Structures are given as C-alpha cells and as structure tokens.
Amino acid sequence: MKKYLSIILAILLVMSALTGCAGKNNPTKQDNALNTTATDPETAPVSESSNSPSVSNTSAAYEKLIAYKTDNYSQQSVADFNNLLLDNNDFLELLEAHSDVMAAISPNDDNYDFIMLTLNASLNEIYYEQVEKNTVFSLSGYLEKKEQPMNVEPLPDETSLSAEEQSYNFLFYALYSINYTLPDPAAITVAERDSILKAFRAEMQQYVDGLSVNEIVDSNIKTLLSDKATELANSMSSEKISLSYEISSIEIHNAGTEITQ
C-alpha cells in the first residue's frame, strides 16, 4: 500500500511540473504525436523554432524508456503493460525520463512512436486511474495547416531557413483532446490501442490538409472538425475502445489577421 501511495505522489509531482512547463512552451512537432503536454495554440508563434536539447543529452533517460520496448510488448494487453510500468521501483524517475525525452526526440527517431504514443498513452492512463480515479482517458495534441510561405531572408550567417524557421501568411492551429475508455484493459493489446489512437489523429490531420484556406476561414471550422471527429469516433469505436473528441481552442493567422475560437 505504501508503495502505491508513493507512486501516486510521484505522479502528482511530475504531472504538476509538466503542466507548468506546458503553460510556458509553444507546441512543437512532437505534440502532434498525441503529447499530453501539448500547449495552447494561443501562445504559438506564426514562425517556429526549436531549442530543445538533443536526445544525446538525455541518453540515460532514453535508454530507460526503450528498455520497455521488448520483442512482444505490443502484443501484451494494455493492463499487463501498464502494470509493468506501475510496478517500476523508480516510477518517479521513469516519469521524469519520459518528460525529458519527449522534449528532445525527433520524429525521425526509430522509437518515436513508442515514446510519444505507447508510453505517453500508458503513463497517462496510470495517472487518470491512480490520481484522478477516472477511467476516461484523455490525450492532447494539435492539428495544423500552413500555406503561403513568406519571403523572409535568412540572417547573414545563414545560407537558408529551416522548415521550423519558415514563416507563413496563413497558419491554422487547433488544440484538441482525444478522450477514450477501455472497458477491459486486459482485453485489448497495446498494438490495438496505439493503432486506433494513431489512426484517429492521422485521419483528422488528413481532413484538415484537404480543407482550403477559404473553407477554414469562412466556415465554422470548429463545427466542421467536431462533425468529422464524431464520424470517426463512431466508426472506430468498438467493444474494446470507445472514442470521443474535443476541440479546446482554434487559432488562425491569415495575412496579418488573427482569428481565435
């Protein structure tokens, strides 16, 4: 009993720290992998840059995380995999390691999905179950669309601008939460859960990609996204997982005009 009380306290401490960080930092590409620390797009700039430390600076934390990527981890039930994480004697260190690596990992990393989706979802579920006493889980992320790059000259010591430094005349951000329940975590594998969550996000981003600038600006985009999300949730939900979707906020920059919803 003492062990689990300590774990709950550890979760509270780390989640509190993560929430504080989320209020200060702008979303990066990592957030699009269902990052629980995705930030409000109201603070996101029209041009992006990243000062995150490299994964090499967090190699010990990185190794701690991928140690859980065993040959058969994806075929374990969500219940078994989460219990494995929860039974870790250094659970606080595991949470801190995950936080450090999330801030540094590149989408090109071979273990990106494992760290940003698998562990992110499982640690989040543990938090909701142990601290919130809630069986409805929530993962946040953001949708984006960029159009019409600006002609911005690089600085004298630069030959070109990176994709992250490029500015745009049109920029759309939507912060969202995927809410889901697992009626029986022992009856769904990690692979099944991850596949559904990843597909849901990918379908929503694909939908946004297909919208024109005029459709985003001139319509009630929040309603469009909500309707699409409801359609996907209904089609992807099953007896193993039930999905819903919530749009937290929307920000649009269009030729110098800012629109928020």
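## The E3–E4 hairpin

In this predicted model, strands E3 and E4 form a hairpin with two residues between them. Within the turn, Ala255 has a positive phi of about 50°. The pairing of E3 (residues 242-254) with E4 (residues 257-260) is antiparallel and extends over four bridges. Among the bridge partners are Asn254 with Thr257 in E4, and Glu251 with Thr260 in E4.

## The four-stranded sheet

The hairpin strands belong to an open sheet of four strands, in the order E1-E2-E3-E4, with antiparallel pairing. Strand E1 (136-149) and E4 stand at the edges with a single partner strand each, so one side of each has no neighbour in the sheet. On average, neighbouring strands of this sheet are turned by 20° against each other, direction ignored.

Strand E2 (residues 168-181) pairs with E3 in the antiparallel sense over 12 bridges. In this pairing, Phe170 has Asn254 of E3 as its bridge partner.

## Helices on the sheet

Helix H6 (residues 190-210) packs on the sheet and touches E1, E2 and E3. The direction of H6 makes about 30° with that of E1. Helix H8 (residues 221-236) also lies across E1, E2 and E3, and runs at about 155° to E3.

## The contact of H3 with H5

Helix H3 (residues 78-86) packs against helix H5 (residues 112-132) at an angle of about 80°, and their axes are 10 Å apart. H3 is therefore roughly perpendicular to H5.

From H3, the residues in contact are Val78, Phe81, Asn82, Leu85 and Leu86. Their counterparts in H5 include Phe114, Leu119, Leu123 and Ile126. The residues of this contact comprise eight nonpolar, four polar and one charged.

Terms used. Residues numbered from 1 in each chain as written. Predicted model: local features only at pLDDT ≥ 70, side-chain atom pairs only at ≥ 80, totals over all residues. Heavy atoms only, no water. Axes fitted to C-alpha atoms, helices over the stretch in contact; angles between N-to-C directions. Parallel < 35°, antiparallel > 145°, perpendicular 65-115°, else oblique. Contact = heavy atoms within 4.5 Å. Nonpolar A, V, L, I, M, F, W, Y, C, P; charged D, E, K, R; others polar. Pairing = 2+ DSSP bridges.
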